[in-house]
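Student: Could you take me through how strands, burial and contacts are read from a model?

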Amino acid sequence: MADTQQVDAKADRKAAKLAKQITAFSKAHGGAEGQVAYLGQRGARIALVGEDGNWGNLVAPTFEIAQKAVEKSGITVHEDFDGEFAAKVRTGRYEWTRMAGIQVGGPSNG
């Protein structure tokens, strides 16, 4: 029983830390919305898009911790990263250059 409590306490601390980071991102970008995606054994990705179009990602050790974090932060969470939500992302020259490089066998094609 004590082991379960330690695991739960550790998960709660991690969710609180992630929620704090999400809240800071939201404040810095005039608000934010997010989407949680399962990454398998690696955990879950929390994709964030600010009201100003800036974006970022956080990785949680489990999908459940990611869900707790977004709930604690109070942001709007989308089921999928598509449509109106995806259209809010503002990309710059770096992203377009990077994406084009990947498509034509650029630097990431190691």
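Tutor: What follows goes from confidence to the sheet, and then to two residues.

Student: What should I know about the model and its numbering before I begin?

Tutor: This is a predicted model, in which local features need pLDDT of at least 70 and side-chain atom pairs count only at pLDDT 80 or more, whereas totals for chains, interfaces and linings use all residues. Residues are numbered from 1 along each chain as its sequence is written, and side-chain values use heavy atoms, with hydrogens and water left out.

Student: What pLDDT does the protein chain average?

Tutor: pLDDT is the predictor's confidence in each residue, from 0 to 100; here the chain averages 86, and 83% of the residues score at least 70. Among the elements, which are DSSP runs numbered from the N terminus (helices H or I, at least four residues; strands E, at least two), helix H2 (residues 63–73) has the highest mean, 97, and helix H4 (residues 93–103) the lowest, 65.

Student: In what order do the strands of the sheet lie?

Tutor: Two strands pair if DSSP finds at least two bridges between them; in this structure four strands form an open sheet with mixed pairing, in the order S3-S2-S1-S4. S3 and strand S4 (76–78) are the edge strands, each pairing on one side only. S1 and S2 are antiparallel over seven bridges, and S2 and S3 are likewise antiparallel, over six bridges.

Student: Which side chains of strand S3 are buried?

Tutor: Buried means under 20% relative accessible area, exposed over 50%, and partly exposed in between (1.4 Å probe, protein chains only). Along S3 (residues 55–60) the side chains alternate, with Gly56, Leu58 and Ala60 buried on one face, while Trp55, Asn57 and Val59 point to the other and are not buried.

Student: Why does arginine 45 count as partly exposed?

Tutor: Arginine 45, in strand S2 (residues 44–50), counts as partly exposed because its relative accessibility is 27%. A polar contact is a pair of N or O atoms within 3.5 Å; within protein, one must be able to donate a hydrogen and the other to accept it, and residues adjacent in sequence count only if both atoms are side-chain atoms. The side chain of arginine 45 makes such a contact, at 3.3 Å, with the side chain of asparagine 57.

Student: Is glutamine 35 buried or exposed?

Tutor: Glutamine 35, placed in strand S1 (residues 32–38), is buried, with a relative accessible area of 8%. Its bridge partner in S2 is alanine 47, and a polar atom of its side chain lies 3.4 Å from the backbone oxygen of glutamate 79.
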